[in-house]
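I opened the model to look up a few local features and wrote down what I found. The entries follow in the order I made them.

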Amino acid sequence: MKLSKSFKDDSPSVTHRIYEKIRMAILTGEIPAGERLVELDLAAKMKSSRTPVREALQKIASEELIYSIPRAGYIVGETSETDLQEIFDARTAIEQAAAKLALEHITPEELQSIGANIRKSEESIRSGLKDQMINFDTEFHDLLCGAGRNKRLI
């Protein structure tokens, strides 16, 4: 597990960076299903206090990627085929609405940004860079929703 980046303070941005790092490690399989996550161990690996790690883990637990075990830490959850299908169905419905709104409101600059994002995403896929690919995918959806001018979708 590559969670050794040092974070010096407990600001909300530190919590967010820790959240992103742990979440990405789970989504890419770097931290496998069934692995136990302990606040104290993660804080030591990230050279951070326990507070931002605890907050990050709580947020990840709210997304049901991990599950809290009282007095034992967290366990990375399994994702079933049913879970994946439900996520795919919900995301498809939301993205169809976002794409429709984007077509109505997109600017030439936003269209260029989306095109650049797609090119960078394709390159990261060819290079096998999973972290970058996931980041570009997230950015693509942010750009698409932003172009729709609907703050609820954003």
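I looked up aspartate 83 and its exposure in this predicted model. Its relative accessibility is 31%, and partly exposed means between 20% and 50%, so I entered aspartate 83 as partly exposed. I placed aspartate 83 in helix H4, which covers residues 81-105. I then noted that Asp83 belongs to a negative surface patch, together with Glu64, Glu86 and Asp89.

Next I went to the sheet. I found an open sheet of three strands, with antiparallel pairing and the order S1-S3-S2. Strand S1 (36-37) and S2 are its edge strands, each pairing on one side only. Between S1 and S3, which run antiparallel, I recorded two bridges. Opposite arginine 36 I found isoleucine 75, which is in S3.

I moved on to the loop between strand S2 (66-69) and strand S3 (73-76), where arginine 71 lies. I noted a positive phi of about 60° for arginine 71, though this residue is not a glycine. I made a note of the sign because most residues other than glycine have a negative phi. Is arginine 71 buried or exposed? Its relative accessibility is 84%, and exposed means over 50%, so I entered arginine 71 as exposed.

My last entry is on lysine 47. Lysine 47 is not a glycine either, and I noted a positive phi of about 55°. I located lysine 47 in the loop that lies between helix H2 (39-46) and helix H3 (50-62).

How values were computed. Residues are numbered from 1 along each chain as its sequence is written. This is a predicted model: local features need pLDDT of at least 70, side-chain atom pairs count only at pLDDT 80 or more; totals for chains, interfaces and linings use all residues. Side-chain values use heavy atoms; hydrogens and water are left out. Patches are made of residues with over 30% relative accessible area and no salt bridge: like charges are joined within 9 Å, nonpolar side chains (Val, Leu, Ile, Met, Phe, Trp, Tyr) within 5 Å. Accessible areas come from the Shrake-Rupley method with a 1.4 Å probe; for residues, only the protein chains shown count as cover. A salt bridge is a side-chain nitrogen of Lys or Arg within 4 Å of a carboxyl oxygen of Asp or Glu. Lys and Arg count as positive and Asp and Glu as negative; His and the chain ends are not counted. The place of a charge is taken as NZ of Lys, CZ of Arg, CG of Asp or CD of Glu. Helices (H or I, at least four residues) and strands (E, at least two) are DSSP runs, numbered from the N terminus. Buried means under 20% relative accessible area, exposed over 50%, partly exposed in between (1.4 Å probe, protein chains only). Two strands pair if DSSP finds at least two bridges between them.
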